[in-house]
Each structure stands twice: as C-alpha cells, then as structure tokens.
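Reader: I should like to examine this model through a series of short questions on burial, packing and backbone geometry. Please reason each answer through to the value or name requested.

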Amino acid sequence: MALVTMKEVMADSLRRALDKNIDPKERYAVGAFNFSTIPEMVGIVEGAREKNAPVILMLSLGALKYIGSLELVADAAKGIARQYPEVPMVLHLDHATDLDMIKHAVTVGFTNVMIDASQESFEINIEKSREIAEFAHDQSPRGKFGCSVEAELGMLAGHEDNISVSEEDAGKAYTDPALVPEFVEKTGIDALAVAIGTAHGFYKAAPKIRFDLLEEIRKATDIPLVLHGGTGVPDEDFKKCVAMGMSKINVGTGLKKVYTDAVREAIKVLPETEYDPRKIVGPGRKAIAEEIASKCDLFNATGKAKAVMQELYR
Ligand SMILES: [Zn+2]
C-alpha cells in the first residue's frame with residue numbers, strides 16, 4: 001500500500017476520541033517515531049507490523065540534515081510502504097519552520113507535515129499554518145488531502161534540533177483552549193499539537209501534565225490532538241491522555257537511547273576482530289522494533305491496523 005496521510009490514519013482514532021458514549025478504554029493513539037537512518041525506519045515499521053498497528057515515521061530537521069535529502073527519505077518510505085502493505089503508515093516532517101522547505105516535502109511525497117510557527121504571534125502562526133494547509137491540500141501529487149498538516153499552538157519546553165524553549169517559558173505558554181476554535185478554523189489544519197506540560201528530551205523530574213487543559217482543548221475542537229515530548233512521560237499519564245482523546249503521540253529521545261544502548265552492548269560483547277557493521281548496528285534496529293511494539297501496546301494501538309484500513313476504504 002502507498003503511504004497514507006495522517007488525517008486518514010487518525011480518522012478511526014479521532015472518531016473514538018469524539019464519541020462521548022464510547023468506553024475510554026476503546027480509544028487509542030497512533031505513535032509517531034523519530035529515525036535518523038533508513039534501517040531505523042524499517043525497525044519502526046517492523047515493530048508496528050508485529051502488533052498490527054498503524055504507525056507514523058517522523059523526520060526531524062536534525063535527522064534531515066544528517067540524511068541529507070527529503071527525496072531520499074520520501075523514496076525510502078514509499079519503498080517500505082510497498083514492502084509492508086499491511087501496515088498503514090505515514091511519513092511526517094516534524095517541527096519545520098521554513099515554508100519553502102515544507103512545500104518541497106509535500107511535493108516529494110511526505111504525507112503529513114508540521115508547520116511549527118508556535119513561537120510567532122498568534123496572527124503570524126495562523127497565517128503561516130494556513131499557507132501550508134492550503135498548499136498541502138491543493139498541490140500535493142495525490143491531489144486533495146495527499147498530505148495533511150499539523151500545527152502547534154502554545155510552546156513546548158526542551159530542545160529538539162533548532163527549537164529551544166526553556167521549561168519556564170513553556171509553563172507560560174500552555175495551549176490556550178479559548179484560542180483553539182479560531183486557530184483551527186482560520187488555518188484549515190488537520191491536527192493540532194498541544195502544549196499541556198510535556199517537553200522534548202529527557203526530564204529532570206516527571207512532567208506535570210495539565211489534564212484539565214487537555215479536557216478543555218478536546219472539547220474546543222473536533223480535529224485530532226497531538227502530544228509532543230513523549231519521552232519520560234509515566235505510562236499511566238500516557239494512558240490517561242489516550243483515554244481523554246489524544247490521537248497521536250510523538251516519541252523521539254527515548255528511541256535514540258534504546259538504539260544506542262543496544263549498539264553499545266553489541267560492541268561490548270563482540271570480539272574486537274568483528275568489523276561487520278550489520279552485527280554492530282543491527283541490534284539497534286531490532287531494539288527499536290521491540291520498543292515500538294511495546295509503545296503500540298501502551299498507546300492501545302495494537303490490533304488497530306484493520307480498523308484504520310476499513311476507515312480508508314469507507
Ligand atoms: Zn515535538
């Protein structure tokens with residue numbers, strides 16, 4: 001199967017999030033996972049396949065710089081999608097700020113892009129997010145909704161590539177639920193990243209998630225909500241976010257550690273005469289697949305590939 005848009009992959013999750021009569025345990029979020037190499041992309045998809053779960057491959061600007069080309073990533077993702085037709089998957093560009101670069105990503109085949117103008121004024125954020133939403137919905141190779149768009153309101157703490165916000169600043173910049181309806185309506189975006197107390201990177205102390213805000217935001221709009229800064233959030237908090245209607249959860253930093261720990265261990269146990277990189281970094285890819293599989297369980301996405309597929313062909 002071809003790559004699908006995030007809007008399509010989250011349609012089933014969103015329906016459950018908005019259904020007030022559903023048992024909250026029936027809700028789930030789709031995991032979005034960072035990678036820096038093509039084998040890591042494969043590891044992510046293998047983990048999702050093992051759990052029959054939908055998945056989002058997430059490219060950061062730092063990883064893009066390392067890999068070097070949007071086309072290369074897009075073509076690799078298209079190839080992986082053909083190889084694993086049973087896994088509904090999205091290729092997502094995360095936290096991008098350069099409008100021309102985002103448009104380029106849309107034209108080469110990314111199926112979701114995030115325009116992050118959250119550090120700008122409310123008006124500029126609306127303007128930039130709307131420009132990207134219009135472009136993605138009209139100009140993408142597969143026509144309307146060939147690429148969906150995520151934007152952010154409020155600011156997340158922590159460091160992710162070229163984005164840097166102190167934890168104190170983030171405390172002052174939670175997503176304001178009162179601004180959400182206007183933002184969503186004027187921009188035409190497909191998903192909203194919210195700042196409710198999580199941060200990028202590792203935490204010094206467990207984050208305090210503002211569930212009261214999440215509840216208000218979920219009531220304020222009917223588009224999918226996205227949680228960034230998923231590394232180090234206690235499992236119980238993840239489950240609560242999902243039960244309250246969060247549709248996508250981003251995980252980056254934690255995966256890097258899982259990968260690197262596995263590679264370190266391989267180097268430690270292998271003889272010094274071993275020089276085959278596949279034996280050294282291969283365990284990293286396997287460790288990523290295992291981590292993704294456990295995240296699918298945690299986000300309750302396990303077994304949901306079928307429901308997503310049915311939604312695609314409704
Ligand atoms: Zn993020």
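Author: A residue counts as buried when its relative accessible area is under 20%, as exposed when that area is over 50%, and as partly exposed in between. The model discussed here is predicted.

Reader: Is His95 buried or exposed, and what is its relative accessible area?

Author: His95 belongs to strand E3, residues 89-96. Its phi is near 45°, a positive value in a residue other than glycine. The cut-off for burial is under 20%. His95 is therefore buried, with a relative accessible area of 3%.

Reader: Asn300 also has a positive phi although it is not a glycine; what is its relative accessible area?

Author: Asn300 is found in the loop between H13 and H14, and its phi is about 65°. A value between 20% and 50% places a residue in the partly exposed class. Asn300 is therefore partly exposed, its relative accessible area being 25%.

Reader: Which helix contributes the largest share of the largest nonpolar core?

Author: The largest nonpolar core holds 96 residues, and Leu59, Met89, Phe110, Val113 and Leu192 touch the most other members. The largest share of this core, seven residues, comes from one helix, residues 70-83, namely H5.

Reader: Which residues of H5 are in contact with Phe110?

Author: Leaving aside neighbours within four places in sequence, the contacts of Phe110 include Leu59, Leu91, His92, Leu93, Ala105, Gly146 and Cys147. Helix H5 spans residues 70-83. The contacts of Phe110 that belong to this stretch are Leu70, Val73 and Ala74.

Reader: At what angle do H5 and H6 pack?

Author: Leu70, Glu71, Ala74 and Lys78 in H5 meet Met101, His104, Ala105 and Val108 in H6. By class, this contact has five nonpolar, one polar and two charged residues. H5 passes H6 in a right-handed crossing. The axes of H5 and H6 (residues 99-108) are 9 Å apart, and the packing angle is about 30°.

Reader: How is H3 oriented relative to H13?

Author: The axes of H3 (residues 38-50) and H13 (residues 277-298) come within 7 Å and cross at roughly 40°. Angles under 35 degrees count as roughly parallel and 65 to 115 as roughly perpendicular. The crossing angle therefore makes H3, relative to H13, oblique.

Reader: How many charged residues does the contact of H3 with H13 have?

Author: H3 passes H13 in a right-handed crossing. Among the H3 residues in the contact are Glu40, Glu46 and Glu50, while the H13 residues include Arg285. By class, the contact of H3 with H13 has nine nonpolar and two polar residues, and its charged residues number four.

Reader: How far is Ala287 from Gly43, C-alpha to C-alpha?

Author: Ala287 has its place in helix H13 and counts as buried because its relative accessibility is 14%. Apart from neighbours within four places in sequence, Ala287 is in contact with Val258 and Ala262. Ala287 and Gly43 are 244 residues apart in sequence, yet their C-alpha separation is 8.0 Å.

Reader: Which helices are included in what covers the buried residues of H2?

Author: Helix H2, residues 11-18, has as its buried residues Asp12, Ser13, Leu14, Arg16 and Ala17. The cover over them includes residues 211-220 and residues 305-312, which are helices H10 and H14.

Reader: Which residue of H14 that touches Ala11 is also in contact with Asp12?

Author: Asp12 lies in helix H2 and counts as buried because its relative accessibility is 4%. Outside its neighbours within four places in sequence, Asp12 is in contact with Tyr28, Ala307 and Glu311. In H14, with a relative accessibility of 16% that places it among buried residues, is Glu311. Beyond residues up to four places away in sequence, Ala11, Asp12 and Arg15 are touched by Glu311.

Reader: What distance separates the C-alpha atoms of Val184 and Ala2?

Author: Val184 is found in helix H9, residues 180-187, and it is buried because its relative accessible area is 12%. Not counting residues up to four places away in sequence, Val184 touches Ile189, Thr221 and Ile223. Ala2 is 182 residues from Val184 along the chain, and the separation of their C-alpha atoms is 28 Å.

Conventions:
Residues numbered from 1 in each chain as written. Predicted model: local features only at pLDDT ≥ 70, side-chain atom pairs only at ≥ 80, totals over all residues. Heavy atoms only, no water. Helix = DSSP H or I, 4+ residues; strand = E, 2+ residues; numbered from the N terminus. Buried < 20%, exposed > 50% of the residue type's maximum accessible area, 1.4 Å probe, protein only. Contact = heavy atoms within 4.5 Å. Axes fitted to C-alpha atoms, helices over the stretch in contact; angles between N-to-C directions. Parallel < 35°, antiparallel > 145°, perpendicular 65-115°, else oblique. Left-handed = near helix turned anticlockwise from the far one by under 90°. Nonpolar A, V, L, I, M, F, W, Y, C, P; charged D, E, K, R; others polar. Core = buried A, V, L, I, M, F, W, Y, C linked by side-chain atoms within 4.5 Å.
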